Amino acid sequence: MATIVERYDISKQHFWLHGPRSGPAVEFDPTTGIWNVYGYPEMHDILGDPATFSSDTMRVLPKGLMPDDEEFSLSGFLTQIDPPEHGKLRKLVSSAFTRRIVADLEPRIAALTHELLDAARERGRLELVTDLAYPLPVIVIAELLGVPSSDRALFKQWADGLFERDQKISLKEPAETQDVDLQAAFAPWREMTRYLADHAAERRRRPRADLLTKLVEADVDGERLPDDQVVNFAIVLLLAGHITTTMLLGNTVLALDAFPEQQERVRADRSTIPAVIEESLRFFTPFAALGRSTTREVEIGGATIPADQMLLLWAAVANRDPRQFPDPDVFDPGRDPNPHLAFGRGIHFCLGAPLARLEGRVAMEILLDRLPSLRTDPGDPAVFMPTPTMTGVRRLPLVVQP
Ligand code: HEM
């Protein structure tokens, strides 16, 4: 373990990468007012009980922390909605974002990967994140939605503005006294909303063969999605559709650099790529923590949590719980089964998991084919994202053979 921490200069904030953690499975943090859940069985049970553990975390935030003007709405923001609305909405959006649509993307993902790697070869360097892991999923999701992929510098600016923050919000302090610039925090959100609202309105006027059109036309049992829900779902896709898969690709290459014997194995047998991807999701869990709020007093992991409390479910830590995963700090794609919680579990299980897995598999197949070895550059080390609730590299320079 020491090698990973030393080799890649992993910050203390990403504590789950620093070796085994001691302490209770569920723990209250008096400085933030948040209950942290670290244990696998506890997180597993919580995700299976949406009636007690609501996804609507906004309702327990201090007043004033979220904007309450008309322009800002979380309606249709799937990850924040509870049953029964969640089921209805999920059915509607699933009817537009089907497995078939995703599976059909394979040739395009492969062609894009080759194009991006060709361009990097011409430049004579390969910084995996900038050259492949970031642009690939963004172009794929932009093309799928039907927004110009040439606007991707804009998407990156928004995503960085929303995610690359290392400020901690406290539930105990009023919004006014917190050291968080709320205007700045929500500015990218507002820009994204306006941008996607313009595109959605355009699709209503002039339908095209894209996901945005399918969303404005989606109809389940005579019900259609209102405009703000179409826009918010498109935002979820645009954000979730790239930042997480970017992390998955970077993390997988990093893991194969850190564990060269596993790189040799997967080179010898490409059919193990999906297992490598699953182990990468467990080992470097991209969404390290998920939010929930209690709807009633509940006992879990030896703790009694009152109603209306905010919980952070540390998937990255649960995925290293030795009660579930023997030798959790070893990267072992041979784990079978590998029931990691990187995509969540239950009714909110990641809707984009098939796309993330497909992009991961295709990109890794091509990377292994084209590069005789995937090695980081010791003179130009990988840099992790500073966000404490995410595990992912934002720079990953690789050594390229002449
Ligand atoms: C939900 C992780 C890629 C779309 C989730 C959740 C997790 C997750 C943990 C559950 C959140 C919760 O329960 O609170 C990931 C990871 C990804 C990834 C690790 C890549 C490695 C994607 C992609 C898309 C996507 C590519 C779409 C293009 C969604 C959506 C939901 C979701 C729409 C909400 C589902 C619901 O609430 O019913 N994702 N995701 N994700 N993800 Fe992903």
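Which residue stands opposite F28 in strand 2? The legends below begin there; the model is predicted.

**View 1. F28 faces W35 across two paired strands.** W35, in strand 2, is the residue opposite F28. Strand 1 and strand 2 (residues 34–37) run antiparallel to each other. Four bridges join them.

**View 2. Five strands form an open sheet.** The strand order is 1-2-10-7-3, and the pairing is mixed. Strand 1 (26–29) and strand 3 (53–54) are the edge strands. Each has a single partner strand, so one side of each lacks a neighbour in the sheet. Strands of a sheet pair through backbone hydrogen bonds, in a parallel or an antiparallel sense.

**View 3. Helix 2 has its buried residues on the same side.** Y40, E42, M43, I46 and L47 are buried in helix 2. Their arc around the axis is only 165°, which places them on the same side of the helix. Y40 has a relative accessible area of 5%. That value is under the 20% limit for a buried residue.

**View 4. Y40 and F325 make an edge-to-face pair.** The structure holds 17 aromatic pairs. In the pair of Y40 and F325, the ring centres are 5.6 Å apart and the planes meet at 85°. Y40 belongs to helix 2 (residues 40–47). F325 lies in the loop between helix 14 (315–318) and helix 15 (353–370). The pair therefore ties together parts that are 285 residues apart in sequence. F325 is buried, with a relative accessible area of 2%. Y40 is buried too, at 5%.

**View 5. An arginine sits over F325.** The charged end of R282 is placed over the ring of F325. It lies 5.3 Å from the ring centre. The ring of F325 is also the partner of Y40 in the edge-to-face pair.

**View 6. Five phenylalanines form one aromatic cluster.** The members are F259, F283, F284, F331 and F384. Over the ring of F283 sits the charged end of R320, 4.3 Å from the ring centre.

**View 7. C350 donates to the iron atom of the ligand.** Which protein atom serves as the donor? The only protein donor is SG of C350, at 2.3 Å from the iron. C350 is found in the loop between helix 14 and helix 15. The loop between helix 14 (315–318) and helix 15 (353–370) also carries F325.

Conventions. Residues numbered from 1 in each chain as written. Predicted model: local features only at pLDDT ≥ 70, side-chain atom pairs only at ≥ 80, totals over all residues. Heavy atoms only, no water. Phe/Tyr/Trp six-rings, centres within 6.5 Å; stacked < 30°, edge-to-face > 60°. Buried < 20%, exposed > 50% of the residue type's maximum accessible area, 1.4 Å probe, protein only. Lys NZ or Arg CZ within 6 Å of the ring centre and 35° of its normal. Donors = N, O, S within 2.8 Å, 3.2 Å for Na, K, Ca; no water. Arc of directions from axis to C-beta. Pairing = 2+ DSSP bridges.
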